[in-house]
Amino acid sequence: MCENDYSPLKLENQLCFPLYAASREMIKLYRPFLEPLDLTYTQYVAMMVFWEVKKLSVKELGKRLYLDSGTLTPVLKSLEAKGYVDRYRSAEDERVLLVEITQKGIELKEKAMNIPFEMTKNVNLEPEERRELYRLIYKMLDIIKDKY
């Protein structure tokens, strides 16, 4: 078999690899800004949802963050232990676990306000490039999520 027959298996020909590597590197860039807040990246993105929507179910949070409940449970337990959210069963349906931001969680928002601006400096893309990358990645996410 000719070496070229295996070109689809070359790392350089995989769309998934640069996405994976870029994601890991972006999360590393967040660390110095999140460590003073005692947040992981996953906790931070969860808090961003709570700063926007004060209360929602674990299922809805999972949809917004593309995470399953097995991944979210330890994140939410940690955020609850820090006093940023409260978790409780829905009065209408005990199967539904609701999560609501606390006052302490709301106050954390002010401390996080500068993070997006700092990240913009770290990832020096032109505004048009940033919008196009965002659009393409979300287009891909919409296509992928319809597969399962």
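In this predicted model, helix 1 and helix 6 cross in a right-handed sense. Helix 1 spans residues 16-34, and its axis comes within 10 Å of the axis of helix 6 at a crossing angle of roughly 135°. That angle makes helix 1 oblique to helix 6, because values over 115 and up to 145 degrees belong to neither the roughly perpendicular nor the roughly antiparallel class. On the helix 1 side, the contact is formed by M26, L29, Y30, F33 and L34, which meet I115, E118, M119 and N122 of helix 6. By class, the residues of this contact divide into seven nonpolar, one polar and one charged.

Helix 6 covers residues 115-122 and includes T120. With a relative accessible area of 40%, T120 is partly exposed, as this value lies between the limits of 20% for buried and 50% for exposed. The C-alpha atom of T120 is separated by 30 Å from that of D146, a residue 26 positions away along the chain.

A second packing involves helix 3 (residues 58-65) and helix 4 (residues 69-81), with an angle of about 105° and axes 10 Å apart. Helix 3 is therefore roughly perpendicular to helix 4. V58, L61, G62 and L65 of helix 3 meet S69, L72 and L76 of helix 4. This contact has five nonpolar, two polar and no charged residues.

The two packings are set out below.

| Helix pair | Angle | Axes |
|---|---|---|
| Helix 1 and helix 6 | roughly 135° | within 10 Å |
| Helix 3 and helix 4 | about 105° | 10 Å apart |

How values were computed. Residues numbered from 1 in each chain as written. Predicted model: local features only at pLDDT ≥ 70, side-chain atom pairs only at ≥ 80, totals over all residues. Heavy atoms only, no water. Axes fitted to C-alpha atoms, helices over the stretch in contact; angles between N-to-C directions. Helix = DSSP H or I, 4+ residues; strand = E, 2+ residues; numbered from the N terminus. Parallel < 35°, antiparallel > 145°, perpendicular 65-115°, else oblique. Contact = heavy atoms within 4.5 Å. Nonpolar A, V, L, I, M, F, W, Y, C, P; charged D, E, K, R; others polar. Buried < 20%, exposed > 50% of the residue type's maximum accessible area, 1.4 Å probe, protein only. Left-handed = near helix turned anticlockwise from the far one by under 90°.
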